[in-house]
Amino acid sequence: MKNTLKKRIFLSFIANLIVCISLAHNRTPTDSLPLDDDIRYGVLPNGLTYYIKPIDHPGAGLNLRLVVKAGINQEADGELEFAHITEHLGFIAGKNISRKETSHLFDEAGVSMAQLNGFTAGNYTDYFVQVSDKNNKGASLALDFFKDIIWNLELNEKNIWLERLTVFDETGGGNFNQSIHSDFLEKQITGWGAKAPEDFEEHIKTFRYNKLIDFYKKWYRSDLMAIVIVGNIDNIEELEKELKEKFTKERKAGNLPNPTVNQLNYLNKAPQFYKKELLGNNDHLIYKPIHLSLYFRLGPNKNRQSKQGLKNQLIRSLLIELVNKKYSQVLREYNTFTSIRTKFLNPPTALKLEIIGSDGFKKDYINTAFQTLKKIKKYGFTIDEFNSGKAEYLNSIRQTDTLSLFYWKNQIIQHFVEGEALPANKEQLQENILHNLSQEEFHNEIKQYIKEEPEDISMVAYKDNRELNNPEKKIRTWIKEVIRLPVEPSVPSTRNLVLMDDSLTTALKKTPVKALETEISGGKSYLLENGLRIILKSSKKNTSGKGKDKSRLLFNGFSKQGIDCFPKEDYYSALNATEILRNSGVGKFNKFELEQIIDRQGLKGFVSPYIESDAAGIKANIALKDLETAFQLVYLYFTSPNFNTTAFDDWTTQQKIYIAYKDYPTENFETKIREVLPDDDFIPKGQKFIEGLEQIDLEKVKEVYQYLFSMPGNFTFLFSGHFIEEKVLKLCQKYLGNLPLRPTNLYCANEMKDSVKLPIESKTFYTEAPLNRNKVKVLYLYKLSKPIIDWKEEIKLDLLQDIMSELFMRRLRFESDTGGTYAVISGLNIVNSYNYVEIPITFSTNAKDAKRLIKGVQSCVEDLKSSPVEKSIFEKLINSKLNTKISNGNTLAKMLKYSKDNFRWWDNDERKAFINSLSAQDIQMTAKKYLSNKPVVFKMLPKVKLEE
């Protein structure tokens, strides 16, 4: 009895001890910031977490997400793309709700293809459904869809095989570029994710399907998941009740895996050195840079949900911004084609320093990278650098749109996945922290993140690059030599760069203006003394997020003279004139000095000249606070273009380097098509563009630009956004009204072009560059009887395009039992310069599936012509069109069509009335008209032998 009593006391003691230990481990630290109490938060008995955040933002709709704490980083070796394929399976393998078997349910609930999607990130997978306001049926269906993903997926060999094909296609057949291979080495170093297999295609097509099922069973657990609902919620109690009822199923058996275990294991590894030689055919690349990555290991994150954790996060973010800006300043000179960037790995258990040298690997690059870091650690940033960076960061926080669905979904995902703090009034707390952060405190805090030597090094280069012969010891010796070099503090620049000094701006007097009539409702039109016209259309004030003004101003100043004014031999000089100018500068400043001025003034957005086939001008998208700076830039682009040979040589080399990183076969494919089927708005790409660089003459570039921008009377400036009309008009009178007329000997005579002659023959092209998936473009061409299609016809064509995209994706991917492609994309191209309409359908696939998919496209088209589309699909897409908000950018585009292309002006009410009047039969008739001709099929295939 005594022994039994003692045993019970002992067991009771042990039980209490276990409870205390458990509570100690799970208790929220006393300094943690509580979750924003406007978020309805809970954890169900099966471990499923949920967040419901109401937002009072009519028209924003409701965004529902299922977030899984497993992504790319949780893949083990041999599991590359498992997280991605599993995400795909979530859409086709549901027993009750899927894109494969129950598309009609999404149609009936008014959920379009674009409103249902997902993606795989580093530490999580995200499925989302976006529904409109008061669409309770759509919201309920979304929850049923998530329920299937958690508990009711049919993961059989057939479904897995189909998604092997789509992921293989989505990744370009494993034709990874240098940057992606550098990322693969990062995974090898950190252990966060799977190594790259030697043969990607072999891996994707042959891994055992039950291994993927094991991955799903391991990670797709309710206790590693969260439901996130953000938006206009009528009844939060009812929504929470429905959520609880639908997700009550017991959690899966087995131990809960730790998604972050590998992140801590990395810190205990011995120093590592990896290098990767990229084999295969890289002869098409003109430049073959080398990627060198250096990793400085740090300790694990401390409590991220405390105020100190939030502060640490802000300091790290500010540090990266300032360091990268410092590197851009250090490398700020022409004909230096090196990039140095830093970032914290997420979570920041390492600081990564990446050096990309386009002309090989040099010790000088290491010198620049390490000396800069060493100087920062020893002396910190100058007071100007610190204050400027802090002010910019503060401004970005103040501009946070706290009524945005995507702001809240991002914040909640970071809270759930990364454990980041999400208190009430987070932005105000961040503002206070940053505002009170001194230069001295910042300098002291950042020292812990800047270490002398990296533990880990990786290098990626193309085959036969001699730099790959450098052994680890040599590189580490270089680093040690650089570390020993002395550093001096940065000397603040004494040069005060000003875009336009007071003597220039005060000399610009307000010029007379004459009011004109305009058909644009709510618009006001004026004529300046030098002949330049202005149309102002200010929208209603658009504010969001605690009264923070999010308004911006967009403008487009254009003339109807462009590349077509010049002989064919001057085509590339005219095409690239404004690009070359942007790389040169304006006034007395080169590009780098201009960037410095813009950085100092905190201008966010762009002011950019352009030249097109039938137009030239200047576009801008800026904050209202930057109005005068934008007008000054416009004035200088007109009056003081700064072309120079050094900048031109730098730009030419940059283009070759840039193209080397592009999808070369696709670029060449599009360009080859345009040699058969002309479109003046198409810019040659790939090899054709590189060849065109040799035809550019800098003197001709200057001549073209001076001619097109010498006659302000040819220009009309259109303004859209929320702004005070009187203020903008005064600036127009001051800067645009004083643009001088400069005499020119050139005369623009646009030639009339012949319309495209049909039929066009189908063609097959071959590529020298690596191509693992055949490119296919099926084009339906329709010859126009007149150059311009009116806005009503454009709406019908646009709706037809949406219907085609929906049907192609359903039949040829999601509902297909044979698959073969990731995306079948329908487009629309109205080529007024050659009087035809082009409806392209584009996809990539392997050789054996190409013929079948082409027939599938044609079959869908024939069905569209023979009968109206299903009512549920039509009504869903019509509602989507009606609910599309007319942005300031849409308004500006409409103003351009009215002013430049002579389109009749229409209001949004008129647009909505027309859309409401349309029937499925109307779109059927549109399909019969524009899809009446036999399609032209273009293919891009891998290189073949001549005898084939």
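1. Partly exposed is the class between buried, under 20% relative accessible area, and exposed, over 50%. Lys480, at 38% relative accessibility, therefore counts as partly exposed, and Glu453 belongs to that class too, with a relative accessible area of 31%. The model discussed in this note is a predicted one.

2. These two residues form a salt bridge in which the closest N and O atoms are 3.0 Å apart. Lys480 lies in helix H17 (residues 472–484) and Glu453 in the loop between helix H16 (439–446) and strand S11 (456–462), so the bridge ties together parts that are 27 residues apart in sequence. In total the structure holds 60 salt bridges.

3. Another of these bridges brings together the side chains of Lys656 and Glu694, with 3.6 Å from N to O. Here too distant parts of the chain are linked, since Lys656 is in helix H23 (residues 645–661) whereas Glu694 is in the loop between helix H25 (686–693) and helix H26 (698–708), 38 residues apart. The two partners fall into separate accessibility classes: Lys656 is buried, with a relative accessible area of 18%, and Glu694 is exposed, with a relative accessible area of 60%.

4. A salt bridge within one helix is formed by Lys730 and Glu726, whose closest N and O atoms are 3.5 Å apart. Because they are four residues apart in helix H27, about one helical turn separates Lys730 from Glu726. Lys730 counts as partly exposed at 41% relative accessibility, while Glu726 is exposed, with a relative accessible area of 51%. Elsewhere, salt bridges link Arg40, Glu237, Glu240 and Lys244 into a network.

5. As to aromatic contacts, the count comes to 43 aromatic pairs. One of them, formed by Phe555 and Phe631, is stacked, with 6.1 Å from centre to centre and 25° between the planes. This pair links distant parts of the chain, with Phe555 in strand S17 (residues 552–559) and Phe631 in helix H22 (residues 627–639), 76 residues apart. Phe555 is buried, with a relative accessible area of 1%, and Phe631 likewise counts as buried, at 1% relative accessibility.

6. The pair of Tyr571 and Tyr572 is edge-to-face, with centres 5.1 Å apart and an angle of 90° between the planes. Tyr571 is partly exposed, having a relative accessible area of 23%, whereas Tyr572 is buried, with a relative accessible area of 7%.

7. Phe555 and Phe631 also belong to a cluster linked by ring pairs, whose members include Tyr635, Phe638, Phe643, Tyr705 and Phe709. Both residues appear again in the largest nonpolar core, which has 70 residues, and there Ile534, Phe555, Phe631, Phe709, Phe717, Phe719 and Leu736 touch the most other members. Helix H22 contributes the largest share of this core, with nine residues. A second, separate core has 64 residues, among them Leu80, Phe106, Tyr220 and Ala823.

8. Two placements of a charged side chain over a ring may be listed together. Arg164 lies over the face of Phe207, at 3.8 Å from the ring centre, and Lys619 lies over the face of Tyr610, at 4.6 Å from the ring centre.

9. Some backbone features deserve a check against the model. A cis peptide bond, with omega about 5°, joins Leu758 and Pro759, and Pro759 lies in the loop between helix H27 (725–736) and strand S23 (763–767). Lys134, a residue other than glycine, has a positive phi near 60°; its place is in the loop between strand S5 (125–131) and helix H4 (136–151), and Lys134 counts as exposed at 63% relative accessibility. Asn425, also other than glycine, has a positive phi near 55°. Asn425 is found in the loop between helix H14 (405–418) and helix H15 (426–435), where it is partly exposed, with a relative accessible area of 47%.

10. Asn335 sits in the loop between helix H11 (307–330) and strand S9 (338–344). Although Asn335 and Asp650 are 315 residues apart in sequence, their C-alpha atoms are 4.9 Å apart in space. Leaving aside residues up to four places away in sequence, Asn335 touches Thr646, Asp649 and Asp650. Asn335 is nevertheless partly exposed, with a relative accessible area of 37%.

11. Finally, on the cysteines, the structure holds zero disulfides. Cys732 counts as buried at 0% relative accessibility, and Cys860 counts as buried at 2% relative accessibility.

Technical notes: Residues are numbered from 1 along each chain as its sequence is written. This is a predicted model: local features need pLDDT of at least 70, side-chain atom pairs count only at pLDDT 80 or more; totals for chains, interfaces and linings use all residues. Side-chain values use heavy atoms; hydrogens and water are left out. Rings of Phe, Tyr and Trp (its six-membered ring) pair if their centres lie within 6.5 Å; planes under 30 degrees apart count as stacked, over 60 as edge-to-face and the rest as tilted. Helices (H or I, at least four residues) and strands (E, at least two) are DSSP runs, numbered from the N terminus. Buried means under 20% relative accessible area, exposed over 50%, partly exposed in between (1.4 Å probe, protein chains only). A charge sits over a ring if NZ of Lys or CZ of Arg is within 6 Å of the ring centre and within 35 degrees of the ring normal. A nonpolar core is a set of buried Ala, Val, Leu, Ile, Met, Phe, Trp, Tyr and Cys residues joined through side-chain atoms within 4.5 Å. Contact means heavy atoms within 4.5 Å. A disulfide is a pair of cysteine sulfur atoms within 2.5 Å. A salt bridge is a side-chain nitrogen of Lys or Arg within 4 Å of a carboxyl oxygen of Asp or Glu.
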